[in-house]
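User: Please take a close look at one strand of this protein and at what lies beside it. Give the whole-chain background before you turn to the strand.

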Amino acid sequence: MSEVKRKLATILATDCVGFSKHMQDNEERTLESLNLCREIIDPIIKKYSGRIFHTAGDSVIAEFESPVKSVNAAIEFQKEIKKQNEDSNKNPKLYWRVGIHLDDIIIEGENIYGNGVNIAARIESHCPVAEILISNIVRQQVDKRIDENIHPLGKVDLKNISNDFEVFSILGDGKKKFGVKNKDIANKKPKFAILPFANTSNDEDSGFLVDGIFEDLITEFSMMREFEILSRQTSMNFKDENKDIKEFSNNFNLDFIVTGGIRASGKRVRINIELSDAKDDSIIWSNKYDRVIEDIFDLQDEIVRKISIALLGEIEVSSLQRSKRKPTENISSYEYLLRGKDNHHKFTKEANIEAIKNFDKAIEADVNNAQAYAWKVCTLGQAMFRGFSDKPPDEIMEECKQNIEKALELNENDFECHRMLSAVYLSNHDFVLAEDHGLKAFNMVPNDPRVLSGYGEVLVRVGKVDKGLELLNKAFELDPIPQGQSTSDNRIKDLILGYFFAKDYTKVIEYSFDLRIMDVRSLALILYSRSKLEQDIKASKEYQYLNQEFRDTDWTQVIDRFHIQDNSIEEDLRSFITSI
């Protein structure tokens with residue numbers, strides 16, 4: 001392994017304020033104004049011996065050998081841009097923010113990473129418009145060596161770096177003071193969504209590839225505890241319902257948004273991807289890639305790494321040991337896998353049948369494609385529970401078992417298999433193995449709502465109620481309407497179960513009002529909770545449902561399917577419901 005190259009350097013990060021909004025208003029004029037700004041910025045950076053190592057058009061990151069040269073370069077181009085805005089009739093008039101920090105950096109080819117880069121970018125995001133914001137170490141180096149006044153602005157919260165970081169302004173009046181956020185806010189994990197990528201291909205059949213890459217990226221980020229990421233289905237709902245992106249961000253309290261477009265032509269794939277701040281629409285990172293389809297896995301790794309660095313920093317990202325999820329070296333097998341997943345998500349009988357054929361073809365092309373076996377199990381389960389198959393349930397379950405075992409034999413780190421095995425063992429009342437496989441899936445992918453809800457359901461049943469409720473609430477937050485559903489009922493049913501085991505009967509009643517359709521398990525738990533709260537259960541709507549829809553229910557059999565580990569709780573519930 002080659003030695004990591006490090007050195008001390010001054011990093012300047014600058015970004016155009018409100019660029020995305022200007023582009024929405026008038027692309028051509030905005031690009032014209034941007035080019036005029038870059039004609040000022042780039043030569044001045046070079047004049048002061050700076051080297052630009054990253055640019056997204058509306059943002060620039062440069063390395064300098066001297067803090068004084070870096071600050072003087074920023075002062076000069078900010079003044080020139082201000083003069084241009086005053087003298088020119090070009091619209092829109094663009095303004096820039098600058099962040100500067102001196103720190104250790106990592107050199108990798110033409111690229112630079114490390115704390116110096118991350119902190120400079122974070123400082124820039126706090127910079128008042130048309131000013132320059134510098135760290136204390138830069139201030140110490142340039143004080144009395146530049147002609148401009150330096151104003152202390154207080155301390156800011158730099159996400160995942162410091163919640164007590166002192167900054168100073170140049171070219172401002174020093175009136176905008178910062179206050180440190182409270183600890184809970186400072187420790188908040190970055191929360192973001194990857195929105196469905198636009199398919200810019202001429203061939204509509206390539207949609208499966210576009211959705212497959214989109215889904216794979218979400219899965220990769222779901223493996224990281226340092227992030228919170230919305231589920232695939234929640235992001236797809238945004239696309240299907242044609243929602244306003246700002247409203248969507250506010251509803252889910254997002255910090256960042258990832259957007260992009262994919263064009264597939266033959267064996268070539270072109271990807272444009274952009275990471276932006278959900279609060280002010282500023283672009284944090286963007287890139288364009290042109291690769292052959294065989295390189296798609298390495299490309300996904302690169303995208304995940306670059307976005308992670310932008311949000312967390314090199315030190316944090318280097319500590320993440322994600323299990324490799326490259327499913328196959330055979331590109332035909334991979335394409336059939338993506339086609340199968342695409343059909344699985346359609347939730348129709350015809351698509352279900354086609355999905356199983358796709359997964360069989362993926363396995364035929366590569367018998368070692370573990371994900372194809374795992375997704376075939378998901379699709380067989382969908383067929384059984386939605387009535388898409390004429391096969392007896394026992395026969396389907398046996399086929400599922402064989403495919404799960406094969407998938408685990410090929411890849412013991414496939415979280416899909418552990419997620420499904422947890423559900424299988426729970427249904428068989430083997431709570432030890434259900435918890436064991438649920439924990440394995442959670443440790444691998446701690447942000448996948450399917451894992452959160454499945455493992456959470458197991459935990460509340462085995463007495464680990466607080467942790468179980470935490471996971472169930474997180475699943476509801478990241479994925480309120482689960483895949484294949486049109487309401488939040490399934491998430492609410494899980495929470496009703498959790499709060500029942502927590503003996504928080506008030507919460508059970510509160511969530512009961514959000515149910516669209518009453519199911520037999522929730523009915524029993526709600527009535528039981530009302531009795532514990534000494535409410536008149538016979539005056540409740542649930543009691544009416546009981547008489548109208550469930551009077552002839554075999555409660556012994558039904559409650560057995562609640563999968564309650566504690567026999568005393570199960571018997572108490574059964575005695576109650578049969579007595580009324």
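Analyst: The mean positions of the protein's 79 positive and 99 negative charges lie 3 Å apart. Here Lys and Arg count as positive and Asp and Glu as negative, with His and the chain ends not counted; each charge is placed at NZ of Lys, CZ of Arg, CG of Asp or CD of Glu. This is a predicted model, in which local features need pLDDT of at least 70 and side-chain atom pairs count only at pLDDT 80 or more, while totals for chains, interfaces and linings use all residues. Residues are numbered from 1 along each chain as its sequence is written, and side-chain values use heavy atoms, with hydrogens and water left out.

Of the 580 residues, 54% are buried (under 20% relative accessible area, 1.4 Å probe, protein chains only; exposed is over 50%, partly exposed in between). The protein has 25 helices and 14 strands, taken as DSSP runs (H or I, at least four residues; E, at least two) and numbered from the N terminus.

The strand chosen is β3, residues 59–64, and 6 of its 6 residues are buried. Side chains in a regular strand alternate between the two faces of the sheet. In β3, S59, I61 and E63 point one way and V60, A62 and F64 the other, all of them buried.

Strands pair if DSSP finds at least two bridges between them. β1 (residues 5–16) pairs with β3 in the antiparallel sense over 6 bridges, and T14 has V60 as its bridge partner. β2 (residues 51–55) also runs antiparallel to β3, joined by 4 bridges, with T55 opposite V60. A hairpin links β2 and β3 with 3 residues between them, and G57 in the turn has a positive phi of about 85°.
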